[in-house]
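Dear colleague,

I am handing over the structure we spoke of, and below it you will find my notes on what was found in it. Please read them with the model open beside you.

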Amino acid sequence: MNGFVGPITKRILLLRHGQAVHNPRAELAKQAGCSHEHFMELMRQDDALDAPLTELGEQQGQKVRDQFGSTMLEGVDLVVSSPLSRALCTADLALPPSTKIDISSPQRRVCVEHFREINGWLLNAKRRDQSDLQKMFGHWDFSSISSTDETWTEELESEEECAERGYLGLLWLMEQTERSILVTTHGGLLRFVMNQHPHVRMFDGRNSTDTTQLEESQNTSNDARCVKSRFGNCELREFTVTLEGTPENISASESWRPIVTLTEITNDQVEEEEKSQSAAL
């Protein structure tokens, strides 16, 4: 380690995938207040290998593009996804491959294992072989993933292990040259990394004019919508992500465990669209 640079700050958009075939009954039960055990049992009953989007899930992805294509998604220069097809499809629907900010610099689309759902036990968490994914999504870069799924087992990954993967994924994002990044991932991983990882801090910067006065968000029932709360299907949130005092090479510094700070931000147009969505429900 030759010293420190920084701070590093990026604009990162986190998008949960649209509704997939294993989601409808489990999500409905979750909204009604079911136990975690019942939620998981319903997903097991409706399980499917690399569960694809439902028709509604595809519509949700298109709706993200229609609502936020000229606002939150404007200026994205790197698109990152879990290797599960429901996340890859959602990314392409929300921000189609033909969309370019600069014709001389097309958006990179990179598949990253760190951002897959909590792994194991359920077949919907098992990914396809690299060759199959390349045939289905030829415009994506799958060079960083193994030829077969070497990490899925019949035992469910622990929440702590899942949170650690998410944390490593955030560090990977901070190493990239791009400054505005869309990440399409999963509800479980987002919940665990945002709520349980000791090196991830969440702040609420929505409607705040003085970011120096922000307090770390607490997931309490008094919050209108806490920044740590569970993502809905195809829910998009915008964050400023910062690392302080970063070593020159994050990957090479194995013992270095930085604090990753995510501050949720928004703008007036997004607020109005959220209000109109709520009114339509």
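The notes that follow take up confidence, then one helix pair, then a cavity and a pocket.

Please bear in mind that this is a predicted model, in which the protein chain averages a pLDDT of 86, with 79% of the residues scoring at least 70. Over residues 99–104 the pLDDT is below 50, and this stretch has 5 contacts in the model beyond near neighbours in sequence. The pLDDT also stays under 50 over residues 268–281, for which the model has 11 contacts beyond four places in sequence. Where pLDDT is low, the predicted coordinates should not be read in detail.

Turning to the helices, the axes of α6, which covers residues 159–175, and α7 come within 8 Å and cross at roughly 85°. Since angles of 65 to 115 degrees count as roughly perpendicular, α6 and α7 are therefore roughly perpendicular to each other. On the α6 side the contact is made by Glu-159, Glu-160, Cys-162, Ala-163, Arg-165, Gly-166, Tyr-167 and Leu-170, while α7 brings Leu-189, Phe-192, Val-193 and Gln-196. By class, the residues of this contact between α6 and α7 divide into 7 nonpolar, 2 polar and 3 charged.

The two helices return in the description of the enclosed space. The count comes to 2 cavities of 30 Å³ or more, and the largest cavity has a volume of about 70 Å³. Lining the largest cavity are Leu-14, Phe-115, Gly-166, Leu-170, Leu-189, Leu-190, Val-193, Met-194 and Leu-262. The elements that give two or more residues to this lining are α6 and α7, and α7 gives the most, with 4 residues. The lining of the largest cavity has 8 nonpolar residues and 1 polar residue, with no charged residues.

Helix α7 also has a part in the second largest pocket, where α1 (24–31), α2 (36–45) and α7 (187–196) each supply at least two residues of the lining. About 320 Å³ of space lies in this pocket, and of the 23 residues that line it, the closest to its centre are Phe-39, Met-43, Glu-117, Ile-118 and Gly-188. The lining of the second largest pocket divides into 8 nonpolar, 7 polar and 8 charged residues, whereas that of the largest cavity has no charged residues.

With kind regards

Note on methods: Residues numbered from 1 in each chain as written. Predicted model: local features only at pLDDT ≥ 70, side-chain atom pairs only at ≥ 80, totals over all residues. Heavy atoms only, no water. pLDDT = per-residue confidence, 0-100. Contact = heavy atoms within 4.5 Å. 1 Å grid on protein atoms, 1.4 Å probe; cavity = no way out; pocket = protein on both sides within 12 Å on 5 of 7 lines; lining within 4 Å. Points joined across faces, edges and corners; volume = space filled by probe spheres on them. Nonpolar A, V, L, I, M, F, W, Y, C, P; charged D, E, K, R; others polar. Axes fitted to C-alpha atoms, helices over the stretch in contact; angles between N-to-C directions. Parallel < 35°, antiparallel > 145°, perpendicular 65-115°, else oblique.
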